[in-house]
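The following account leads through the architecture of one protein, from an individual loop residue to the packing of its helices. The reader may wish to keep the structure in view throughout.

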Amino acid sequence: MAAGETNLEISGGAGNTLPPSGRILVTGASRGIGRHIAVGLARPRRTLILVARTLDALEDVASECEDRGAKVCTIACQLENHDRLTHMLDIVKADGGADMVVNCAGIFGEEKLPWETDPDLWWQTQLVNVRAPYLIQHALVPGMLERGGGRILDLSSGAAIKDRDDSSGYYVSKTALMRLGGCLHEAGYARGLRVLEMAPGVVLTDMTRDSLMHKGRTDWTDPADSAAIVAAFADGELDGLSGCQVRAGADSLDELRARSKRGIGDDERRLRLSGWAE
């Protein structure tokens with residue numbers, strides 16, 4: 001991995017403003033929403049660390065990001081493989097760490113009733129969608145905090161806040177990921193850590209195209225909506241929303257900016273237990 005330009009001098013903590021993120025790790029960057037996010041983040045004086053299963057898959061998006069002025073490092077990693085993920089993170093830390101992480105990589109798993117699923121495939125969904133983001137933050141957040149703060153953005157989902165009969169692996173993983181984000185916010189906010197969960201809407205990707213859930217769907221969310229939210233978060237415009245979930249395609253960026261400026265309550269857009277019906 002080539003050394004890139006960094007922007008890691010941060011003065012964080014609650015009430016302080018973090019500068020725009022200068023060194024950003026993006027998983028699942030080779031296609032779909034991840035590719036749109038990577039390109040949307042690309043700009044001069046910013047380094048992007050793009051991760052996918054193979055280096056070949058990253059060639060085109062890396063070239064496009066470089067054309068936009070970003071410095072780009074590409075890393076191949078199978079996120080469900082603990083040893084390979086740990087090695088990848090060692091490389092990132094040795095090269096200067098990151099001041100922002102975008103956990104975009106994910107798999108959908110089987111669309112079967114819970115007792116009909118393959119246990120190994122069900123667990124693989126947790127390894128990619130939950131354990132990998134956990135290991136990434138476990139490795140990189142301490143360095144962020146030492147420098148005064150940083151940002152974590154998780155690709156969340158409506159699945160994080162709903163129930164469904166035939167996709168338990170995916171729904172469990174997205175709920176767990178959102179809860180992990182909330183825990184990170186509680187643990188790190190006072191030290192400058194900002195955490196955002198972003199549901200991208202239903203974007204036409206390889207995952208959704210083959211999904212029974214979305215069979216026959218013609219109304220798709222524009223991935224540019226997700227890319228714009230991530231870019232605004234990286235620029236420090238949405239730090240006031242740390243700890244909550246935002247929804248691309250449903251929340252306008254202007255509304256999110258305004259809410260970030262005025263602040264939000266402890267129970268807004270968080271995972272909470274619903275009360276009994278009267």
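Arg45 is situated in the loop that joins H1 to strand E2 (47–52). The model is a predicted one, and in it the phi angle of Arg45 is near 65°, a positive value in a residue other than glycine. Arg45 has a relative accessibility of 65% and counts as exposed, because the limit for that class is over 50%. A second residue with a positive phi is Arg269, where the angle is about 55° although the residue is not a glycine. Arg269 belongs to the segment after helix H8 (253–262). With a relative accessibility of 32%, Arg269 counts as partly exposed.

These two residues are set within a protein whose secondary structure comprises eight helices and seven strands. Of its 278 residues, 50% are buried. The surface that the protein exposes comes to about 13,300 Å², and carbon and sulfur atoms supply 49% of it. Among contacts with a separation of 6 or more, 70% are between residues 24 or more positions apart.

Helix H1 takes part in two helix pairs considered here. In one of them, the axes of H1 (residues 32–41) and helix H7 (residues 223–234) come within 8 Å and cross at roughly 45°. That angle falls outside the ranges for parallel, antiparallel and perpendicular pairs, and H1 and H7 are therefore oblique to each other. Their crossing is right-handed. On the H1 side the contact is made by Ile33, His36, Ile37, Gly40 and Leu41, and on the H7 side by Pro223, Ser226, Ala227, Val230, Ala231 and Ala234. By class, the residues of this contact are eight nonpolar, three polar and no charged.

The other pair joins H1 to helix H2 (residues 59–67), with axes that come within 8 Å and cross at roughly 20°. H1 and H2 are therefore roughly parallel to each other, since angles under 35 degrees count as such. H1 passes H2 in a right-handed crossing. Arg35, Ala38 and Val39 of H1 meet Asp60, Val61, Glu64 and Cys65 of H2 in this contact. Its residues divide into four nonpolar, no polar and three charged.

Ala234, named above in the contact of H7 with H1, is also one of the residues touched by Ser21. Ser21 is found in the segment before strand E1 (23–27). Is Ser21 buried or exposed? Its relative accessibility is 3%, and Ser21 therefore counts as buried. Beyond residues up to four places away in sequence, Ser21 touches Arg46, Asp99, Met100 and Arg151 as well as Ala234.

A further helix pair is formed by H4 and helix H5 (residues 168–188), which pack at an angle of about 15° with their axes 8 Å apart. H4 and H5 are therefore roughly parallel to each other, and their crossing is right-handed. From H4 the contact draws on Trp122, Thr125, Gln126, Asn129, Val130, Pro133, Tyr134, Gln137 and Leu145. From H5 the contributors are Ser168, Gly169, Tyr170, Val172, Ser173, Ala176, Leu177, Leu180, Leu184 and Gly188. The contact of H4 with H5 has eleven nonpolar, eight polar and no charged residues.

Arg131 is also found in helix H4. With a relative accessible area of 27%, Arg131 is partly exposed. The C-alpha atoms of Arg131 and Leu177 are separated by 8.9 Å, the two residues being 46 residues apart along the chain. Which residues are in contact with Arg131, leaving aside its neighbours within four places in sequence? They are Glu80, Asn81, His82 and Gln126. Of these, Gln126 is also named in the contact of H4 with H5.

The final residue to consider is Glu111, which lies in the loop between strand E4 (100–103) and helix H4 (119–146). Its relative accessible area is 17%, and Glu111 is therefore buried, because buried means under 20%. Glu111 and Asp166 are 55 residues apart in sequence, while their C-alpha atoms are 4.9 Å apart in space.

Notes
Residues numbered from 1 in each chain as written. Predicted model: local features only at pLDDT ≥ 70, side-chain atom pairs only at ≥ 80, totals over all residues. Heavy atoms only, no water. Helix = DSSP H or I, 4+ residues; strand = E, 2+ residues; numbered from the N terminus. Buried < 20%, exposed > 50% of the residue type's maximum accessible area, 1.4 Å probe, protein only. Contact = heavy atoms within 4.5 Å. Areas by Shrake-Rupley, 256 points an atom, 1.4 Å probe, with all protein chains shown as cover. Axes fitted to C-alpha atoms, helices over the stretch in contact; angles between N-to-C directions. Parallel < 35°, antiparallel > 145°, perpendicular 65-115°, else oblique. Left-handed = near helix turned anticlockwise from the far one by under 90°. Nonpolar A, V, L, I, M, F, W, Y, C, P; charged D, E, K, R; others polar.
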